[in-house]
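Thanks for coming, everyone. Let me put the structure up, and then I will walk you through a few places in it.

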2 protein chains.
Amino acid sequence: MISDQDIIGRVLYEDADHKFIWLGSERKYKKGLVQTMQYLIIDRGRGILLDPGGVHLFSRVVASLSRYISIDNIDYIFFSHQDPDVSSGIALWLGVTKAKVYISKLWTRFIPHFGIVDTNRVIGIEDRGGSLTLPSGTELKFVPSHFMHSPGQFGAWDPRSRILFTGDIGAAVFHESDETVFVDDFEQHIPLIVGFHSRYIANNAVARKWCGMVEKLNPDMIAPQHGAVYRGKTVKQFLDWLSNLRCGTDIVDAIFGS
Amino acid sequence: MISDQDIIGRVLYEDADHKFIWLGSERKYKKGLVQTMQYLIIDRGRGILLDPGGVHLFSRVVASLSRYISIDNIDYIFFSHQDPDVSSGIALWLGVTKAKVYISKLWTRFIPHFGIVDTNRVIGIEDRGGSLTLPSGTELKFVPSHFMHSPGQFGAWDPRSRILFTGDIGAAVFHESDETVFVDDFEQHIPLIVGFHSRYIANNAVARKWCGMVEKLNPDMIAPQHGAVYRGKTVKQFLDWLSNLRCGTDIVDAIFGS
């Protein structure tokens with residue numbers, strides 16, 4: 001269960017120059033709406049928001065981040081992909097910040113459909129990935145995650161905190177009252193992740209490729225946009241499970257009903 | 001080139017009870033924005049809108065449809081998938097109509113993130129498809145089109161006009177001034193469609209499955225959400241081409257750059 005304290009967020013990593021912050025839960029908004037998690041990296045006082053979310057959450061996320069940083073110090077916003085729960089608030093965010101936006105180049109011509117968007121502030125990430133050098137010199141890396149599920153999707157690897165933000169990958173769907181911040185027992189977590197990953201991830205071939213890349217990074221935590229954060233041994237357990245999952249077009253006849 | 005007449009739309013099929021209407025081009029909105037096409041079916045005076053589009057286009061699409069029907073007679077809105085150019089205007093559309101919305105059940109918990117959405121008016125389509133009986137008795141069928149590109153995507157098959165609305169499938173990206181309403185020379189059209197289909201469609205296996213389903217329907221026209229409408233022999237030419245395309249995870253190493 002999410003405690004009252006966790007409504008306001010939690011610092012997942014901290015050193016003198018650098019923080020990786022989970023911006024808290026949204027308990028009161030539950031009914032009929034998929035739950036989302038937002039993250040904020042602060043590096044030498046400058047901020048990068050990760051998947052700050054849709055129109056619906058804007059006021060809560062602004063309030064939450066204000067506990068950690070002034071909105072004027074948000075320099076960048078990273079969107080893992082184009083889904084409404086990830087990026088539909090873009091016009092609002094561009095309005096209240098001077099931030100530039102990073103998103104897959106596959107979506108740079110689509111996101112202006114969310115509303116009034118200054119396309120000069122939107123930077124398209126090439127398919128093979130890219131990086132962003134933070135004030136401390138730490139290089140935030142954009143990790144290709146295409147077709148998991150979005151055809152143009154990236155994770156963000158922060159080598160200083162050793163946290164990999166994965167967007168939808170690792171997403172869990174909790175019941176009303178059993179949310180937790182971290183995954184501590186992977187076997188118990190499987191029922192909460194198997195439905196999403198089987199149905200939305202394009203197939204095992206791409207899942208296996210992605211898991212191979214992520215194993216080389218050897219993250220301390222995997223932080224998805226829905227569900228709970230993997231840490232300790234559950235990181236490797238999740239990667240082992242996902243790299244063996246039959247999903248998407250592997251089971252296309254079952255999905256299409258024919 | 002799109003003529004001035006085509007800015008206001010074109011009736012693609014018409015009989016005493018039933019019309020299938022393309023709602024016109026959006027020439028003046030080009031820069032930095034993917035072009036989209038909206039369609040309206042009118043059956044015994046009642047309307048169904050197909051992919052009416054994002055916030056950005058709302059005023060133009062309302063104006064366009066008002067030439068054909070009163071907004072009060074729009075009973076249903078069909079969204080092929082969750083992308084911003086397709087469905088980010090949902091809160092606006094629910095505000096000005098009494099329409100119910102059909103979309104894949106994969107997205108019913110995501111689209112409220114676009115804004116204030118009455119989820120009681122959103123009907124989730126099961127993966128295997130479904131149908132909607134129109135006032136004339138014609139049955140509009142929801143055709144499974146998952147992973148092309150969205151993991152939860154449907155086309156809409158209108159057996160009376162014999163037009164298949166496909167969402168993103170068949171999408172073309174035109175240069176500034178060479179838009180046409182119909183595809184009349186398929187070989188010349190390939191350079192405008194190969195980039196999108198190779199990169200966004202999940203793989204050949206699912207493309208081939210979809211083409212087999214569509215060949216059985218034997219449509220007179222294939223009407224996508226971007227580009228131009230296939231008719232006559234270009235329908236079969238497009239299906240033959242797509243069923244042989246290597247795409248998405250078939251070329252995963254090239255896309256991931258490794």
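**Rings, a helix and a threonine**

Let's start with aromatic rings. In chain A, one aromatic cluster is formed by A:Phe20, A:Tyr39, A:Tyr76, A:Phe78, A:Tyr102, A:Phe142 and A:Phe165. Keep in mind that this is a predicted model.

How many aromatic pairs does a search of the whole structure find? The count is 29, over all chains. Take one of them, B:Tyr102 with B:Phe142. The ring centres are 5.0 Å apart, and the planes make an angle of 40 degrees. That makes the pair tilted. Where do the partners sit? B:Tyr102 is in strand S6 of chain B, residues 100-104. B:Phe142 is in strand S9 of chain B, residues 139-144. The two parts are 40 residues apart in sequence, so this pair ties them together. Both B:Tyr102 and B:Phe142 are buried.

One more ring. A:Arg231 lies over the face of A:Phe182, 3.7 Å from the ring centre. Chain B has B:Arg231 over the face of B:Phe182, also with 3.7 Å to the ring centre.

Now, the two chains. Lay chain B on chain A, and the RMSD is 0.0 Å. The operation is a turn of 180 degrees with a shift of 0.0 Å along the axis. The copies are therefore related as by a two-fold rotation axis. And how do they meet? Of the interface residues of chain B, 100% are also interface residues in chain A, so the copies meet through the same surface.

Next, helix H6. In chain A it covers residues 204-217. Those 14 residues reach 20 Å from first C-alpha to last, close to the 20 Å expected at 1.5 Å a residue. In chain B, the end C-alpha atoms of H6 are likewise 20 Å apart, which agrees with the 20 Å it should span.

Which residues of H6(A) are buried? They are A:Asn204, A:Val206, A:Ala207, A:Lys209, A:Trp210, A:Cys211 and A:Val214. Some general background helps here: an α-helix has 3.6 residues a turn, so residues three or four places apart point the same way.

What do the buried residues of H6(A) pack against? From chain A, there are strands S9 (139-144), S11 (163-167) and S13 (221-224), plus helix H7 (233-243). From chain B, there is helix H8 (252-256). On the other side, the cover for the buried residues of H6(B) includes helix H8 of chain A.

Look at the ends of this helix. At the start of H6(A), a side-chain oxygen of A:Asn203 comes to within 3.3 Å of the backbone nitrogen of A:Ala205. After H6(A) comes A:Asn218, with a positive phi near 55 degrees. Chain B has B:Asn218 following H6(B), again with a positive phi near 55 degrees.

Last stop: B:Thr97. You will find B:Thr97 in the loop between helix H4 (90-96) and S6 of chain B. Is B:Thr97 buried or exposed? Its relative accessible area is 6%, so B:Thr97 is buried. The side chain of B:Thr97 has polar partners in the backbone. A polar atom of that side chain lies 2.7 Å from the backbone oxygen of B:Trp93. The backbone nitrogen of B:Ala99 lies 3.1 Å from a polar atom of the B:Thr97 side chain. Leaving out residues up to four places away in sequence, B:Thr97 touches B:Ile71, B:Ile74, B:Ile77 and B:Arg121.

Technical notes. Residues are numbered from 1 along each chain as its sequence is written. Chains are lettered from A and ligands numbered from 1 in the order in which they are written. This is a predicted model: local features need pLDDT of at least 70, side-chain atom pairs count only at pLDDT 80 or more; totals for chains, interfaces and linings use all residues. Side-chain values use heavy atoms; hydrogens and water are left out. Rings of Phe, Tyr and Trp (its six-membered ring) pair if their centres lie within 6.5 Å; planes under 30 degrees apart count as stacked, over 60 as edge-to-face and the rest as tilted. Helices (H or I, at least four residues) and strands (E, at least two) are DSSP runs, numbered from the N terminus. Buried means under 20% relative accessible area, exposed over 50%, partly exposed in between (1.4 Å probe, protein chains only). A charge sits over a ring if NZ of Lys or CZ of Arg is within 6 Å of the ring centre and within 35 degrees of the ring normal. The expected span of a helix is 1.5 Å times one less than its number of residues. Contact means heavy atoms within 4.5 Å. Copies are superposed by least squares on the C-alpha atoms of residues with pLDDT of at least 70 in both. A polar contact is a pair of N or O atoms within 3.5 Å; within protein, one must be able to donate a hydrogen and the other to accept it, and residues adjacent in sequence count only if both atoms are side-chain atoms.
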